Amino acid sequence: PRVVAVIPAAGVGSRMQADRPKQYLTLNGKTILEHTIDALLAHPQIDDVVVAISPGDAYFDSHKLRDKPIRVVEGGKERADSVLNGIMMLSENDWALVHDAARPCVEDTDITSLIALMGNKDVAGGILATPVRDTMKRVASSGNVISHTEDRDGLWHALTPQFFPAKLLKAALLDGLARGANITDEASAMELAGYKVALVNASPANIKITHPADLPLAEFYLKQKFS
Ligand code: CTP
Ligand code: MG
């Protein structure tokens, strides 16, 4: 089957507080979005790349990203809506490899390990993940006093890419959204639909650029990747 990367890139980047959506900030001479697109285009097992951008987004054209061998769709209100718009471009037997625009530091070898799940009949698909490092505290939603300490054993950070058969993922996302579930990643929709989802232990360098302090860190990881 074909592997098609779907990149949600239609967010506004409110936590970054920059003058533009964070995917258009420049790291080592290239925008974050271009780093991410290039990383996926360069992977030998990825056949096609679909990018979801915001309808009013002028940066995408001004950075000449349309010249790349990609397909472009309109993003939606939430991340899951953007992903769904991208998945709609895939064919019946394609596998979707969904990857945040805000994660330019993803490593080739981790993508390869994830795609290898295609041959694993015990799971519907899987995601990159990394073990939680800090001690985790539960706090009542109303306050700032600790209610208890969570057992960190078996807790993971969900990263992207997340990799599933397009047909199953599309149905799971539509169903999850229709049920009003909080679908913050593809795996959560698949879990809700009752599928088994594998974790692939991946590099913690695959950060989601979120706050200003993440920018120099990502520049460092990108330099390491290409050195
Ligand atoms: N995204 C999207 N469509 C949306 C919201 C988010 O395609 N409606 C994308 C973002 O562009 C990003 C990825 O989903 O690549 C992960 O989202 P996040 O890191 O939360 O980015 P933003 O939503 O842009 O940032 P913030 O939450 O700080 O506003
Ligand atoms: Mg967001």
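This is a short chat about a predicted model, covering helix 1, the shell around ligand 1 and F60.

User: Hi! What should I know about the model and its numbering?

Analyst: The model is predicted, so local features need pLDDT of at least 70 and side-chain atom pairs count only at pLDDT 80 or more, while totals for chains, interfaces and linings use all residues. Residues are numbered from 1 along each chain as its sequence is written, with chains lettered from A and ligands numbered from 1 in the order in which they are written.

User: Cool. How many residues of helix 1 are buried?

Analyst: In helix 1 (residues 32–41), 8 of the 10 residues are buried. Buried means 20 or more other C-beta atoms within 10 Å of the residue's own, with C-beta atoms placed from the backbone. Helices are DSSP runs of H or I with at least four residues, and strands are E runs of at least two, numbered from the N terminus.

User: And what do those buried residues pack against?

Analyst: They pack against strand 1 (3–9), strand 2 (26–27), strand 3 (30–31), strand 4 (48–53) and helix 7 (214–225). Contact here means C-beta atoms, placed from the backbone, within 7 Å.

User: Switching topic: which residues come nearest to ligand 1?

Analyst: P8, G11, S14, R15 and S82, out of 21 residues around ligand 1; a residue counts as near if its C-beta atom, placed from the backbone, lies within 6 Å. Strand 1 and helix 3 (79–87) each give two or more residues to that shell.

User: Last one: why does F60 count as buried?

Analyst: Because F60 has 20 C-beta neighbours inside 10 Å. F60 sits in helix 2 (residues 59–62) and, leaving out residues up to four places away in sequence, touches I53, L65 and R66.

Notes
Buried ≥ 20, exposed ≤ 12 C-beta atoms within 10 Å, placed from the backbone. Contact = placed C-beta atoms within 7 Å.
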